Amino acid sequence: MSLSKFDHLAKSLDELGRLGRDRRLVTRIPNGLQFRQDGHTIVNFGSNDYLGLAQRQQQRSAYVGSGASALVCGWTDHHERLADTIARLESTEAAVVFPSGFAACSGTMATLPQAGDLILSDELNHASIIDGCRLSRADCIVYPHRDTNTLQNILSTQRSKYVHVWMVTDSVFSMDGHIAPLHDLCDIAEQFDANVVVDEAHATGVLGEHGSGACEALDVKSRVPVRIGTLSKAIGSQGGFVAGPRVVIDYLINRCRTLIFSTSLSPAATIAAIESFERLQSEPELRNRVTALAKEVRLQLSLPPVSELEAAIPIIPLMVGAERKATELSGALLKLGYYVPAIRPPTVPDGTSRLRISVSAGHSDEMVDGLIEAINQVR
Ligand SMILES: Cc1ncc(COP(=O)(O)O)c(C=O)c1O
C-alpha cells in the first residue's frame with residue numbers, strides 16, 4: 001500500500017499548518033476543572049461541565065462525562081491509551097476514537113472522499129456509511145451487494161473521470177451475516193488505483209487470530225488502509241474508531257465534523273473498552289466460543305452451507321419473507337422465553353423480513369439448545 005495515495009491529504013494538512021489552523025488532540029490528565037501538568041496547576045476553562053457534575057464523577061474510577069470535544073479538552077490519557085491499543089491491534093500507524101461507531105463511519109465517509117472523487121458503496125452497507133456518502137461532496141455509485149463484476153465494469157468506464165476512488169464496504173453485513181469479498185475488492189482497488197475503506201463493526205473482537213476483524217482473518221490488513229470499528233458490539237462498551245495511516249488520522253482530526261464538533265467518548269466507556277481489548281488478548285477462548293456456537297446454531301437449524309469464515313459469524317438470519325409472519329414468529333418465540341428480533345423493511349429490502357439471531361460467548365449450551373428447540377417448535 002503506497003502512502004502517496006494520501007499525498008493530497010498531507011498537502012492540505014501542510015496548508016492548514018501554514019495558516020496556523022492545524023488541530024491536534026491534546027492529551028490532558030485528568031479531565032476536570034483543575035489538574036497538574038508539567039509541574040503546574042492548571043485551572044480548566046475549556047470544559048462544558050457547567051454544573052461541575054462531570055468533575056464530581058471523577059472521584060469514581062470510571063467517570064462518565066468527558067466535558068468537551070476531543071479537540072478542546074475532552075481527550076484524556078484514557079482516550080490516548082485506547083487509540084494506541086487500537087492502532088496496535090489493527091497494525092496501523094495511528095487511530096482515533098469517536099463518540100459512536102455511527103459518527104466514525106458517517107464522519108469518515110463525509111470527510112475523506114472530496115469533490116472530484118468517486119465513492120463506490122455496497123447497497124447493503126450500514127446506514128452510517130450511507131449517510132456519510134450522502135454528506136460527502138464526492139459522487140457516489142451504489143453497487144449491487146458484493147457484486148465485484150459490476151464494480152469492475154463501473155471502474156472500467158468511470159475511473160478516468162475521477163481524482164480518487166473510495167470503495168467502502170461493511171466487512172460483515174449486519175442483517176445478513178455475509179462477509180464482503182475483501183480479496184477481490186483489494187485486487188480491484190489495486191487494478192484501478194482506488195482506496196478500500198472497511199467497516200469492521202461486527203467483526204472487531206470476533207474474527208481474526210488476534211480479534212481485529214475480517215481483514216485480519218482474510219489476511220488483507222495491509223491492503224485496506226482505512227478501517228473503521230465500533231466499541232459497542234463485541235467490545236461491549238460504546239464508541240467508534242478509525243485506524244489507518246498517520247496522515248489519514250491527522251486529516252480526520254482536522255476536518256471530520258463528527259469528531260471535532262461532538263463531545264468526546266465518555267471516559268467510562270473508554271476505560272471499559274481498554275479493558276475489553278485486554279481481555280481480547282488474554283481470553284481468546286471467548287471468540288473461540290462464540291464462533292463455535294454460531295457454527296453449531298447454523299448446523300442445528302440446517303441452514304444453507306456458507307464459507308467456513310461466514311459460518312463463524314454470530315449473526316444468523318432466519319429468512320421469513322412477510323413482515324407479519326416475522327413479527328408473529330418473534331412473538332411466539334418470546335412466549336417460549338426467547339427474544340429473537342424480527343427485522344423488517346426499511347432495515348432490510350421488501351419481502352426479506354427475517355428473524356435475526358445474535359449468539360454470544362455468554363450464552364450457555366442449555367440456552368442455545370433451548371432456542372433451537374423453540375425455533376423448531378414455532379416454524
Ligand atoms: C455495520 C455497522 N456499522 C456501524 C454501526 C454503528 O455503530 P454504533 O452503534 O457504535 O454507533 C453499526 C451499529 O449498528 C453497524 O451495524
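Leaving aside neighbours within four places in sequence, which residues is Val 242 in contact with? The legends below take this predicted model view by view, starting with that residue.

**View 1. The surroundings of Val 242.** Beyond its neighbours within four places in sequence, Val 242 touches Ala 94, Ala 95, Val 96, Phe 98, Ala 104 and Thr 108. Its list of contacts continues with Val 226, Arg 227 and Ile 228, and ends with Ile 249 and Leu 252.

**View 2. The largest nonpolar core.** Step back from Val 242 and you meet the 52 residues of the largest nonpolar core. Val 242 is among the residues with the most contacts inside this core, together with Leu 82, Ile 86, Val 96 and Leu 231. Helix α9, covering residues 246-255, gives the most to this core, with six residues.

**View 3. A second core.** Separate from the largest core, another one holds 51 residues. Look here for Val 224, Val 290, Leu 333 and Val 340, which are included in this second core.

**View 4. The whole fold.** For orientation, the protein has 15 helices and twelve strands, and its C-alpha trace spans about 70 × 55 × 35 Å along the principal axes. The radius of gyration is 22 Å, which agrees with the value near 21 Å for a compact globule of 379 residues. Of contacts between residues at least 6 apart in sequence, 68% join residues at least 24 apart.

**View 5. Surface and charge.** While 53% of the residues count as buried, the accessible surface comes to about 17500 Å², with 50% of it belonging to carbon and sulfur atoms. The side chains include 36 positive and 43 negative ones, and the centres of these two sets lie 6 Å apart.

Note on methods. Residues are numbered from 1 along each chain as its sequence is written. This is a predicted model: local features need pLDDT of at least 70, side-chain atom pairs count only at pLDDT 80 or more; totals for chains, interfaces and linings use all residues. Side-chain values use heavy atoms; hydrogens and water are left out. Helices (H or I, at least four residues) and strands (E, at least two) are DSSP runs, numbered from the N terminus. The radius of gyration is taken over C-alpha atoms; the globule rule is 2.2 Å times the number of residues to the power 0.38. Buried means under 20% relative accessible area, exposed over 50%, partly exposed in between (1.4 Å probe, protein chains only). Contact means heavy atoms within 4.5 Å. Accessible areas come from the Shrake-Rupley method with a 1.4 Å probe; for residues, only the protein chains shown count as cover. Lys and Arg count as positive and Asp and Glu as negative; His and the chain ends are not counted. The place of a charge is taken as NZ of Lys, CZ of Arg, CG of Asp or CD of Glu. A nonpolar core is a set of buried Ala, Val, Leu, Ile, Met, Phe, Trp, Tyr and Cys residues joined through side-chain atoms within 4.5 Å.
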